[in-house]
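Let's take a stroll through this protein together. Have the sequence and the 3D view at hand before we set off.

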Amino acid sequence: MSTEELKKNIEEPNNDDQAIDVVLRPQKWDEYVGQEQVKKNARVIIDAARIRKEPVDHILLYGQAGLGKTTLARLIAREMGATVKTTSGPAIEKVGDLAAILSNLEEGEVLFIDEAHRLNKLIEEILYPAMESRKLNIVIGKGTGARTISLDLPPFSLLAATTRVNLLSAPLRSRFGATFRLEYYTQEDIEKIVKRSAKILGIDIDADAASVLAKASRNTPRVANRLLRRTRDYIAVKKHKRVTEGVAKETLAFLDVDELGLETHDRNFLKTIIEKFGGGPVGVKTIAAAIGEEAATIEEVYEPYLMKLGFIKRTPAGRVVELAAFEHLGLKPPRKLI
């Protein structure tokens, strides 16, 4: 097999990846690793609701993509013994779409809305009375002949997840009984997740190899599991029986992922600011034009992890590359940073 064929075989997601993601998700509360403070607070809300024999309060989960918001929402519903109806912000295009969902809810059911920040304002306004007083207000007709019909909804719980909590309107945010922010995971927690996933997938992995993959996971379970799947592909093609530290590093090098999890686009982003703009400060729109990327993508995908590493900072004048990034890339920093 040629190098090109091998790279394509490993880098392209398999058809089974989505099914594997489902298998790797924790199915029990105790299997969910990390986010201890969020779990502790959510546990109190769940137990109190069960004592009162009421649906759990409306909960908003927010944080970077891949941190386990959907998984946690499903586990909360499972702990309540409730069934879950799942949708997403982009899928609810019209008021009638949401009205149909709400009117078909059964008592005690959980409605989970992913990407809640992409709900339009008209949809949000339908949610206000539904969440607060369990009323579905539908306007029939137009103009002077329009009238409002109010339907009672059964007791239900709304769990919502978003990566952009600032895009939710203040009235909607205020109607959630609890709002939890999911943080990046610790190295130790990611290692536990890698080992658990490897066991489920039947992969023999060394502790040192798990540490290598965890360090390159960007402190995100979804990325850790993706790297593990690609490592599984690599050892299958290379006919290795075990994932050792060396094999894990070979796989990362093959995928062009460095030891801190930076990929080609991350390094290009930093080098563009360094080489074209002297390390900054430079505006995000200028950077976006230079690398051919959307400014929103830079803010949502590139920057959060790089800021966590201390590689860039946002200033009123624009983005600035920090000394740690120069050292990681092996580049000479400007005198002002020394």
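We begin with the whole protein and then follow one helix.

Keep in mind that what you're looking at is a predicted model. The protein is built from 15 helices and 9 strands, and its C-alpha atoms fit in a box of roughly 70 × 50 × 40 Å along the principal axes. There are 338 residues, and 45% of them count as buried. If you look at contacts with a separation of 6 or more, 70% are made by residues 24 or more positions apart.

Now for the outside. The accessible surface is about 17500 Å², with 49% of that belonging to carbon and sulfur atoms. As for charge, you'll find 52 positive and 48 negative side chains, and the centres of these two sets lie 2 Å apart.

Next, pick out helix H14, which runs over residues 295-309. Its 15 residues reach 20 Å from the first C-alpha to the last, close to the 21 Å expected. Where does H14 bend? Look at glutamate 303: the helix turns by about 50° there, and proline 304 follows within four residues. Both of these are buried, along with Ile298, Tyr302, Tyr305 and Leu306.

So what do the buried residues of H14 pack against? They meet three helices, H9 (207-215), H12 (264-277) and H13 (284-291), plus two strands, S8 (312-315) and S9 (318-321). Finally, step just past the end of H14 and you reach glycine 310, which takes a positive phi of about 80°.

Key. Residues are numbered from 1 along each chain as its sequence is written. Side-chain values use heavy atoms; hydrogens and water are left out. Buried means under 20% relative accessible area, exposed over 50%, partly exposed in between (1.4 Å probe, protein chains only). Contact means heavy atoms within 4.5 Å. Accessible areas come from the Shrake-Rupley method with a 1.4 Å probe; for residues, only the protein chains shown count as cover. Lys and Arg count as positive and Asp and Glu as negative; His and the chain ends are not counted. The place of a charge is taken as NZ of Lys, CZ of Arg, CG of Asp or CD of Glu. The expected span of a helix is 1.5 Å times one less than its number of residues. The bend at a residue is the angle between axes fitted to the seven residues ending there and the seven starting there.
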